[in-house]
Amino acid sequence: MNPEIYTVEHHKIPPEKIDQDAFYVIEKLRQSGHKAYLVGGGVRDLLLNVQPKDFDVSTSASPEEIRRVFRNAILIGRRFRLAHVRFGRKVIEVSTFRSGDTESNELIVRDNEWGSEEEDVMRRDFTINGLFYDPHRELVIDYVEGYRDLERKLLRTIGQPDLRFAQDPVRMIRLIKFCARFQLEIEPTTFEALLSCRQEIIKSSSARVLEELLRMLESGSSKKFFHLLQEYGLIMPLLPELAYFLKNKDLDSANFDLLSAIDQEVLKREQPPMDRAILLAALLFPLFDQYLKESLRSGEKAPHLGQIGTAALHVIDCVFSPFFALPRRLRGVTAFVLASQYRFTPLGESLGDKIERKLRLPKDLLTPFALRLFKCRSIATPALAPLYTLWVEKALYSAEADHSLETSTAIHEEREKFRRPRRQRH
Ligand code: ATP
Ligand code: MG
């Protein structure tokens, strides 16, 4: 099949937007007699005029040939080896064109064979992710009408949607991710297939689904994403407890305000970025808060922080089981961030209460994480803002105290050095 070719007059991708290292990789492969293009999310983002997160390269060169061209390339993956070409901390992923069985409805359990450039496009998920860009000739090469779909703002699978979802159900989560991130419409047969295949989602690898969920919490579009996941019935098979909690809650409800606040914070791109545990705690906090308040209502005495920590672990396990297995650190830190919220806003204390107690901030390395979620809560619930300010002042004061302690110790040690009689060398 002949691809559609779009020249720079059409696509208007400014050459300076192409990552210099990716350009260098493509040029070197080309000069060594191979085909090489930018591919996937990077090309899509350039056409949508958003900053690409990564620039992936697809080539006709085999992994060994890639290694011959770049001595600093590292081959990764067992059956399907990709090359990582490093430039300082940046990695350009270079993969050989491959084919996939796009006709079968079997779950893909292993990866596929080497293929032609056209086959390499056909195995990809959505038409908007199936474009090549040749930076040397400044051409967009399109085998799947992805360019037109981008113009029409349409999300469509490459090939028959029900088969493509059955082969790899994670594609359904990816569909919703692109829909939320770029405000795209879902093409009707793709949408029907989503509704009929959604229960299949639990056949996919939980690690991959978790990775997509976490990436969306980091994306700045998490509110829209989780709302669409709920609306299209994908949260129910994955996170039933959360689905029950969100049932009949619309986008304007307070339950989505915290996600909206983390989206705002994420988009400020402050350093360090928010840890995944803070983001996960933001997703769970409204549910956890309701759980604690309901157990309090049933007449029990307000639990202390240790008990709240145990309850946080319990809620996390209930929400994520049976499908997901959270990594240990993520589970523990998320529980800490959740439980610490009740240090700032204790159970049973209403916001109007004058704070009589002394604000005690533990010298825990994770305390700033807890404060960051509290900041997002204060954005979602402005009545919390004065209290948040008090706690931040407290944190700054403690940090200053620590700092002066450190410097005074350092000065003291410095002095001691001079006081100590030097040993004579013999
Ligand atoms: P993001 O901006 O979130 O990284 P992306 O589209 O670049 O989105 P990646 O996971 O980086 O996503 O994948 C790179 C490319 O690989 C995609 O653009 C797509 O062409 C292809 N791809 C990724 N996941 C799948 C999948 N499950 N099935 C088929 N093709 C996929
Ligand atoms: Mg990508």
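What follows is a short conversation about how some labels in this predicted model are earned.

Reader: Let's start with a helix. How do you know that the length of α16 agrees with what is expected?

Author: Helix α16 covers residues 305-320, which makes 16 residues. At 1.5 Å a residue they should span 22 Å, and the end C-alpha atoms are 22 Å apart, so the two values agree.

Reader: And what makes the buried residues of α16 line one face?

Author: The buried ones are I308, G309, A311, A312, V315, I316, V319 and F320. Looking down the axis of α16, they fall within an arc of 165°, so they line one face of the helix.

Reader: Why is L214 called buried?

Author: Buried means under 20% relative accessible area. L214 has 4%, so it counts as buried. This residue sits in helix α10, residues 206-217.

Reader: Which residues does L214 touch, leaving out those up to four places away in sequence?

Author: They are R276, L280 and L330. Take L280: it is 66 residues from L214 in sequence, yet the two C-alpha atoms are 7.6 Å apart in space.

Reader: Now for charges. Why is the pair D21 and K90 called a salt bridge?

Author: The cut-off is 4 Å between a side-chain nitrogen of Lys or Arg and a carboxyl oxygen of Asp or Glu. The closest N and O atoms of D21 and K90 are 2.6 Å apart, so the pair qualifies. D21 belongs to helix α2 (residues 20-31) and K90 to strand β6 (residues 90-96), so the bridge ties together parts that are 69 residues apart in sequence.

Reader: Is K90 buried, exposed or partly exposed, and what makes it so?

Author: Partly exposed is the class between 20% and 50%. K90 has 32% relative accessibility, so that is where it belongs.

Reader: What about E212 and K177, whose side chains also meet in a salt bridge?

Author: Their N to O distance is 2.9 Å. E212 is in helix α10 and K177 in helix α8 (residues 170-182), 35 residues apart. Set against the 20% limit, E212 is buried at 7%, and K177 is buried at 2%.

Reader: How do you know that R372 and E270 still count as a salt bridge?

Author: Their N to O distance is 3.8 Å, and the limit is 4 Å, so they count. R372 lies in helix α18 (residues 367-380) and E270 in the loop between α14 and α15, so the pair ties together parts 102 residues apart in sequence. R372 is buried at 18%, while E270 is partly exposed at 34%.

Reader: How many salt bridges does the structure hold?

Author: There are 28. Elsewhere in the chain, E145, R148, D149, R152 and R156 are linked in a network of such bridges.

Reader: Last topic: the largest nonpolar core. Which of its members touch the most others?

Author: Of its 106 residues, L38 and F226 do. Helix α15 gives the most to this core, with twelve residues.

Reader: What makes you say that the core lies between domain 1 and domain 2?

Author: Domain 1 (1-152) and domain 2 (248-254 + 268-417) both give residues to the core, so it lies between them.

Reader: Which residues does F226 touch, again leaving out those up to four places away in sequence?

Author: F226 touches L213, L217, I235, F256, L259 and L283. There is also a second, separate core of eleven residues, including F344, L384, Y388 and A395.

Terms used: Residues numbered from 1 in each chain as written. Chains lettered and ligands numbered in written order. Predicted model: local features only at pLDDT ≥ 70, side-chain atom pairs only at ≥ 80, totals over all residues. Heavy atoms only, no water. Helix = DSSP H or I, 4+ residues; strand = E, 2+ residues; numbered from the N terminus. Expected span 1.5 Å × (residues − 1). Buried < 20%, exposed > 50% of the residue type's maximum accessible area, 1.4 Å probe, protein only. Arc of directions from axis to C-beta. Contact = heavy atoms within 4.5 Å. Core = buried A, V, L, I, M, F, W, Y, C linked by side-chain atoms within 4.5 Å. Domains from an automatic or database assignment.
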